Amino acid sequence: MTTNTTASLPVTTTVDAASGIAAAEAARTRLDFAKTAPKVFRALIGFDAAARTGLDPALVELIQIRASHLNHCAYCLHMHTNDARKAGESEDRLHLVAVWREARHFFTPKEQAALALTEAVTRVADAGVPDDVYAEAAAHFEEEELAHVLALIFAINTWNRVALATGKVAGTDERRG
């Protein structure tokens, strides 16, 4: 690790981050869900793929990023912010997803409705899915598209739980290996 002497704050280099990821992955002692329950894992992959059918890829990533924020899933957040960048998403929007209500002008009304629905479904135990949140989403999405948005929210919440329960390490995206 190198140190920024002007501000006396540690600055992690890319090499240090890579070695830290490798050390964290090596220290992980939880099961490999994909290898231990391959039929379930493949079913989740199929469900996820079916859920995103017909949805705008940028919207898909915004939904997945917001749910991952709420669930504190660093593994999924790292994966989906990288996917969003590759799909052309702006850094400004990526930085503001967590506070989208305070930065509404960065997001379309349709995206705002999807983000509000994502929050309600992700936090369903807090207050259910309020009628006004559902109605706003229904006003922006055709019925079939709304069903896919809901399915995507269900899918990312499941993936977040898989990653958190099995101790997935942010920065280790198995899709690439």
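Which residues in the largest nonpolar core touch the most other members? They are Ile63, Leu117 and Val149, out of the 27 residues in that core. A nonpolar core here is a set of buried Ala, Val, Leu, Ile, Met, Phe, Trp, Tyr and Cys residues joined through side-chain atoms within 4.5 Å.

Before going on, some housekeeping. This is a predicted model, where local features need pLDDT of at least 70 and side-chain atom pairs count only at pLDDT 80 or more, while totals for chains, interfaces and linings use all residues. Residues are numbered from 1 along each chain as its sequence is written, and side-chain values use heavy atoms, with hydrogens and water left out.

**The cores**

Back to that largest core: the elements giving it two or more residues are helix H4 (57-70), helix H7 (109-122), H9 and helix H10 (143-165). Helices are DSSP runs of H or I with at least four residues, numbered from the N terminus. Leaving aside residues up to four places away in sequence, Ile63 touches Ala114, Thr118, Val149, Leu152, Ile153 and Ile156; contact means heavy atoms within 4.5 Å. There's also a second, separate core of 10 residues, and Cys73, Met79, Ile156 and Trp159 are among them. In soluble globular proteins, nonpolar side chains tend to be buried together.

**Salt bridges**

Now for the charges. Side chains of opposite charge can pair when their charged atoms come close. The structure holds seven salt bridges, each being a side-chain nitrogen of Lys or Arg within 4 Å of a carboxyl oxygen of Asp or Glu. The table includes three of them.

| Acid | Base | Closest N and O atoms |
|---|---|---|
| Glu119 | Arg66 | 2.8 Å |
| Glu111 | Arg93 | 2.8 Å |
| Glu119 | Arg101 | 2.4 Å |

Salt bridges that share partners join Arg66, Arg101 and Glu119 into one network. With Glu119 in helix H7 and Arg66 in helix H4, their salt bridge ties together parts that are 53 residues apart in sequence. Arg101 sits in the loop between H6 and H7, 18 residues from Glu119.

How buried or exposed are these partners? Glu119 counts as buried because its relative accessibility is 8%, where buried means under 20% relative accessible area, exposed over 50% and partly exposed in between (1.4 Å probe, protein chains only). Arg66 is buried too, with a relative accessible area of 8%. Arg101, at 40%, is partly exposed.

The Glu111–Arg93 pair links helix H7 with helix H6, again across 18 residues, and both Glu111 and Arg93 are buried.

**Around Glu89**

Arg93 has another acidic neighbour: a polar contact of 2.4 Å joins its side chain to that of Glu89. A polar contact is a pair of N or O atoms within 3.5 Å; within protein, one must be able to donate a hydrogen and the other to accept it, and residues adjacent in sequence count only if both atoms are side-chain atoms. Glu89 lies in the loop between helix H5 (74-86) and helix H6 (91-96), and at 13% relative accessibility it counts as buried. Not counting residues up to four places away in sequence, Glu89 touches Ala58, Leu62, Ala84 and Leu94.
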